[in-house]
Amino acid sequence: MRDPMLPLSFRVAAKRRELADTWTLELEPDAGAHDRLGAFAPGQFAMLYAFGSGEVPISVSGGVGGEGPLVHTVRAVGAATRAICAAEPGDSVGVRGPFGNTWPIEEAEGGDVVVVAGGIGLAPLRPAIERLAASRERFGAVTLLYGARSPDEMLFTEELDSWRSAGIAVETIVDSAPAGWSGRVGLVTKLIDEAELSGGHTTALICGPEVMMRFVGAELVQRGVERSRIHISMERNMKCAIGHCGHCQLGPAFICKDGPVFTLAAIEPLMAVREL
């Protein structure tokens, strides 16, 4: 059995700058590494290791199902993420995983789906949105509500258009915008009233800042969406990915082992406790 603490060597096959501080990296395994690593599913994460700088948990933003390169969208905010974002095609990074549970895409079939993302929270949702677009006929109304701090901090702008073409209703909003911006300005919760929801038959997928997820969850509950069908990613403060260090403990839960995807019914009481 492979040691879950041992990273496998992947090389950077391609790199694309998304924002001023954010890059998308396509990673391909060195000989034999992919077979031992296993396929990732939407919602899961990997531990990316920058040799000499440390490692960080990053949800996959593409390459799920073992098809094509493993894709991660990374914001440079610390030593390890800066080193990962500085990697160029041909450089090596270490990868551990897959870790965590998944977005409940199959369980959502037959009903409406609303996806709510804030900022870089769109990246962990991207594989789920791609799955929804590829099997669009299996769902009712599918809506993506995306909020960013400003127009130039929106991720995947070209893909937003392709998702619209695939039959997904895409609505965007920004916290602030320069003169000449013709889109909406405000919090992403302002978009919820425009989403087509069928109450108890709606599944919600949410990822973004915790305060945003808390308010979005409350708004969806008011619209009749069941707490057990509202799923949020709590990818925060994870360190080892296997529950040994306790760094990501939230009450009785370990985000890395019990999540990172939780139902609102399970996590809402813990999100309301400031000390946690």
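Student: Before we look at the largest pocket, which residues count as nonpolar, charged or polar?
Tutor: Ala, Val, Leu, Ile, Met, Phe, Trp, Tyr, Cys and Pro count as nonpolar, Asp, Glu, Lys and Arg count as charged, and the others, Gly among them, count as polar.

Student: OK, so how many of each class are in the lining of the largest pocket?
Tutor: With the caution that this is a predicted model, the lining has 22 nonpolar residues, 13 polar residues and seven charged residues.

Student: What volume does the largest pocket have, and which residues are closest to its centre?
Tutor: The volume is about 1,000 Å³, and of the 42 lining residues, those closest to the centre are Gly-118, Ile-120, Gly-121, Gly-208 and Pro-209.

Student: Which helix or strand gives the most to that lining?
Tutor: Helix H5, which spans residues 210-222, gives the most, with six residues. The elements that each supply at least two lining residues also include helix H3 (122-134) and the strands S4 (54-62), S5 (70-75), S7 (112-118) and S8 (142-148).

Student: Switching topic, how many aromatic pairs are there?
Tutor: The structure holds two aromatic pairs. In one of them, the ring centres of Phe-45 and Phe-99 are 5.7 Å apart and the planes stand at 35 degrees, so the pair is tilted.

Student: Where do Phe-45 and Phe-99 lie?
Tutor: Phe-45 is in strand S3 (residues 45-50) and Phe-99 is in strand S6 (residues 92-99), so their pairing ties together parts that are 54 residues apart in sequence. Both Phe-45 and Phe-99 are buried.

Student: And what about Tyr-49 and Phe-51?
Tutor: Tyr-49 and Phe-51 form an edge-to-face pair, with 5.0 Å from centre to centre and 85 degrees between the planes. Tyr-49 is partly exposed at a relative accessible area of 27%, and Phe-51 also counts as partly exposed, at 48%.

Student: Which residue lies over the face of Phe-156?
Tutor: That is Arg-126, at 5.3 Å from the ring centre of Phe-156.

Student: Last topic: how many disulfides does a search of the whole structure find?
Tutor: The search finds zero disulfides. Cys-85 is in none, and the nearest cysteine sulfur, belonging to Cys-207, is 17 Å away.

Student: Is Cys-85 buried or exposed?
Tutor: Cys-85 is buried, with a relative accessible area of 3%.

Student: Why is there no bond between Cys-245 and Cys-240?
Tutor: The closest cysteine sulfur to that of Cys-245 is in Cys-240, at 3.7 Å, which is too far for a bond, because a disulfide needs the two sulfur atoms within 2.5 Å. Cys-245 itself is partly exposed, with a relative accessible area of 42%.

Terms used
Residues numbered from 1 in each chain as written. Predicted model: local features only at pLDDT ≥ 70, side-chain atom pairs only at ≥ 80, totals over all residues. Heavy atoms only, no water. 1 Å grid on protein atoms, 1.4 Å probe; cavity = no way out; pocket = protein on both sides within 12 Å on 5 of 7 lines; lining within 4 Å. Points joined across faces, edges and corners; volume = space filled by probe spheres on them. Helix = DSSP H or I, 4+ residues; strand = E, 2+ residues; numbered from the N terminus. Phe/Tyr/Trp six-rings, centres within 6.5 Å; stacked < 30°, edge-to-face > 60°. Buried < 20%, exposed > 50% of the residue type's maximum accessible area, 1.4 Å probe, protein only. Lys NZ or Arg CZ within 6 Å of the ring centre and 35° of its normal.
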